[in-house]
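Student: Please take a close look at the largest pocket of this model and describe its lining in detail.

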Amino acid sequence: MAGRVEGKVAFITGAARGQGRSHALRLAQEGADIIAVDIQGQIGSVPYGMGTEEDMAETVRQVEALDRRIVAKKADVRDYGALKAAVDEGVAELGRLDIVSANAGIFSFGTMEELSDEYWDDMIAVNLTGVWHTAKAAIPHLKAGGRGGAIILTSSDAGLFAMANIGHYVSAKHGVVGLMRTLALELAPDFIRVNSLHPTTVNTDMIQNAACYELFAPDLPPEERTLDVLKPRFQSINALPIPWVDPVDISNALLWLASDEARYVTGVTLPVDAGALVK
């Protein structure tokens with residue numbers, strides 16, 4: 001039985017681990033080949049360890065274990081030239097492009113009053129400009145295929161409502177919504193659909209780190225910030241009684257948006273958020 005994206009090629013940023021790796025595996029399980037990009041390095045303002053070359057090698061191993069092809073490249077989404085070269089090389093090797101997942105993102109903390117220019121600039125450069133770069137690099141290949149396509153931009157629940165202490169993140173993720181809606185209009189004549197995903201907290205390294213634990217438990221010393229203590233605080237965000245969702249929950253939504261099952265869905269903000277938005 002053919003997969004839901006059988007024979008298609010997907011371009012995924014931030015693919016070394018976390019949601020990006022999950023997206024690559026889920027699409028590969030359903031028949032897609034993968035162009036995987038990641039910075040595979042650290043950004044100074046990010047308070048947790050980012051993806052590495054070893055992480056990307058593991059993504060490659062897992063995709064190939066599914067008997068799918070993968071082209072993995074090291075590129076920073078802030079660098080349009082490097083990103084475009086990665087996409088161009090991937091399409092040259094795999095022959096086409098059908099699906100784009102602009103997933104790469106970073107997280108950091110601070111009130112608007114105390115944020116440094118470095119924190120603000122890095123956040124906007126990765127989480128907004130990097131998303132635009134991803135789409136811009138991919139669009140010529142989608143148009144050249146003449147088969148339409150699907151672009152999925154990863155925003156956040158914080159792209160639909162405000163949250164204190166992450167105003168730079170909120171601003172970037174709100175910007176992604178405006179970008180998505182504009183692209184949906186501009187690309188509709190070519191049958192290229194553009195939508196955004198809006199997760200609540202996802203169980204990845206982006207939240208499972210000491211800096212994030214401090215954000216949720218500033219009243220406690222580090223040694224008391226255990227998962228047993230923190231889970232109810234994370235759960236307080238959501239309507240459903242869970243502290244966070246898993247990466248595959250976001251990947252399943254992305255798969256649907258990328259598939260022909262959503263062939264007339266464009267310009268949509270899709271929450272996968274355990275009811276956080278309604279709460």
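Tutor: By class, the lining of the largest pocket comprises 25 nonpolar, 15 polar and 6 charged residues (Ala, Val, Leu, Ile, Met, Phe, Trp, Tyr, Cys and Pro count as nonpolar, Asp, Glu, Lys and Arg as charged, and the others, Gly among them, as polar). The model is predicted: local features need pLDDT of at least 70, side-chain atom pairs count only at pLDDT 80 or more, and totals for chains, interfaces and linings use all residues. Residues are numbered from 1 along each chain as its sequence is written, and side-chain values use heavy atoms, with hydrogens and water left out.

The pocket has a volume of about 900 Å³. A pocket here is an open set of points on a 1 Å grid over the protein atoms alone, where a 1.4 Å probe fits, with protein on both sides within 12 Å along at least five of seven lines; lining residues have an atom within 4 Å of a point. Grid points are joined across faces, edges and corners, and the volume is the space filled by probe spheres set on them.

The lining consists of 46 residues, and Tyr48, Gly105, Phe107, Tyr169 and Met206 lie nearest the centre of the pocket. Helices (H or I, at least four residues) and strands (E, at least two) are DSSP runs, numbered from the N terminus. In these terms, α1 (18–29), β2 (33–38), α4 (117–145), α5 (167–187) and α6 (210–216) each supply at least two lining residues; the largest share, 3 residues, comes from α1.

Two of the central residues, Phe107 and Tyr169, belong with Phe109 to one aromatic cluster. The structure holds 5 aromatic pairs (rings of Phe, Tyr and Trp, the last by its six-membered ring, with centres within 6.5 Å; planes under 30 degrees apart are stacked, over 60 edge-to-face and the rest tilted). Phe107 and Phe109 pair edge-to-face, at 4.8 Å centre to centre and 80° between the planes. Both are buried (under 20% relative accessible area, with exposed over 50% and partly exposed in between, for a 1.4 Å probe and protein chains only).

Two of the elements that supply the lining, α1 and α6, are each preceded by a loop that takes part in a salt bridge. Arg17 and Asp205 meet there at 3.5 Å, N to O (a side-chain nitrogen of Lys or Arg within 4 Å of a carboxyl oxygen of Asp or Glu). Arg17 lies in the loop between β1 (9–13) and α1, and Asp205 in the loop between β6 (192–199) and α6, so the pair ties together parts 188 residues apart in sequence. Asp205 is partly exposed, at 38% relative accessible area.
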